[in-house]
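Open the model in your viewer and keep a selection box ready. Each stop below says what to pick and what is there.

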Amino acid sequence: MDFDAEEFVGGDDVVDELEELRAERDEFRDRFMRAVADAENSRKRAERDRREAENYGGSKLARDMLPVFDNLKRAIDAITDEQREAQAALIEGIELTMRELASVFGRHGIEIIAPEIGDRFDPQEHEAMFEAPVPNTKAGDIIQVMNVGFMIHDRLLRPAQVGVSSTPG
């Protein structure tokens, strides 16, 4: 014997209630799928934020340490041969401090951008402090390096400060 909802007592009511339950089920399924998608998006966003904090959280401190690096570099560059002979232990201490600072930078993903004279100017890594015509160069060649730059992982922390040739090629 086949079941006929129309013949069942209150048949129209049962069919209507069944349709309402199906619609409610579909709504709950849709809401559930959206909640699952939102939870997955939140998880991915939290993971991205955690990675960003791990890689770039020290950027402010690193940026504040760059003048320390610059000053140590200037001090080392200013040492004469006579001073090196007379104050060997002091100078060795300054150089060791500089190497340790560079090592700490490296452990935290900070790389030095050290362009050479003759390299091409790259606005992604360099800041042009001046332009000047210099014989035997082409426009865009680096003619002087004032300060090295720094990257932290894949982000520019500070561009290298350079002078650039304006001599027409």
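Buried here means under 20% relative accessible area, and exposed means over 50%. The model is predicted.

**Stop 1: Gln161**

Select Gln161, in strand S6 (residues 160–165). Is Gln161 buried or exposed? The cut-off for buried is under 20%, and Gln161 has a relative accessible area of 19%, so this residue counts as buried. Now show the side chain. A polar contact of 2.8 Å joins the side chain of Gln161 to the side chain of Asn147. Expand the selection to contacts. Leaving out residues up to four places away in sequence, Gln161 touches Glu127, Met129, Gln144, Val145, Met146 and Asn147.

**Stop 2: the rest of S6**

Extend the selection to the whole of S6. Six of its six residues are buried, so the strand is largely enclosed by the rest of the structure. Look at the two faces. Ala160, Val162 and Val164 point one way, while Gln161, Gly163 and Ser165 point the other.

Which strands pair with S6? Add strand S2 (residues 126–132): six bridges join S2 to S6, and the two run parallel. Then add strand S3 (residues 142–147): four bridges join S3 to S6, and this pair runs antiparallel. Strands of a sheet pair through backbone hydrogen bonds, in either of these two senses. Centre on Val164. Glu131 stands opposite Val164, and Ile142 has Val164 as its bridge partner.

**Stop 3: the sheet S1-S4-S5**

Hide S6 and show S1, S4 and S5. These three strands form an open sheet in the order S1-S4-S5, with antiparallel pairing. S1 (110–113) and S5 (155–158) stand at the edges with a single partner strand each, so one side of each has no neighbour in the sheet. Neighbouring strands are turned by 35 degrees against each other on average, direction ignored.

Add helix H2 (residues 59–77). H2 packs on this sheet and touches S1, S4 and S5. The direction of H2 makes about 45 degrees with that of S5.

Zoom in on S1 and S4 (residues 149–152). Four bridges join these antiparallel strands. Ile112 stands opposite Phe150 in S4. Keep Phe150 selected.

**Stop 4: the phenylalanine cluster**

Show aromatic side chains. The count comes to three aromatic pairs. Pick Phe69 and Phe150: the ring centres lie 5.2 Å apart and the planes stand at 90 degrees, so this pair is edge-to-face. The two residues are 81 apart in the chain, with Phe69 in helix H2 and Phe150 in strand S4. Phe69 is buried at 4% relative accessibility, and Phe150 is buried at 0%.

Next pick Phe105. The rings of Phe105 and Phe150 have centres 5.7 Å apart and planes at 80 degrees, so this pair is edge-to-face. Phe105 belongs to helix H4 (residues 88–107) and lies 45 residues from Phe150 in S4. Both Phe105 and Phe150 are buried. Select Phe69, Phe105 and Phe150 together: ring pairs link them into a cluster.

**Stop 5: Tyr56 and Gly58**

Select Arg155 and Tyr56. The charged end of Arg155 sits over the ring of Tyr56, 3.7 Å from the ring centre.

Move on to Gly58, in the loop between helix H1 (11–56) and H2. Gly58 has 39% relative accessibility and counts as partly exposed. Finish with a distance label from Gly58 to Ile117. They are 59 residues apart in sequence and 31 Å apart in space, C-alpha to C-alpha.

Note on methods. Residues numbered from 1 in each chain as written. Predicted model: local features only at pLDDT ≥ 70, side-chain atom pairs only at ≥ 80, totals over all residues. Heavy atoms only, no water. Pairing = 2+ DSSP bridges. Axes fitted to C-alpha atoms, helices over the stretch in contact; angles between N-to-C directions. Contact = heavy atoms within 4.5 Å. Buried < 20%, exposed > 50% of the residue type's maximum accessible area, 1.4 Å probe, protein only. Polar contact = N/O pair within 3.5 Å; in protein donor to acceptor, adjacent residues only side chain to side chain. Phe/Tyr/Trp six-rings, centres within 6.5 Å; stacked < 30°, edge-to-face > 60°. Lys NZ or Arg CZ within 6 Å of the ring centre and 35° of its normal.
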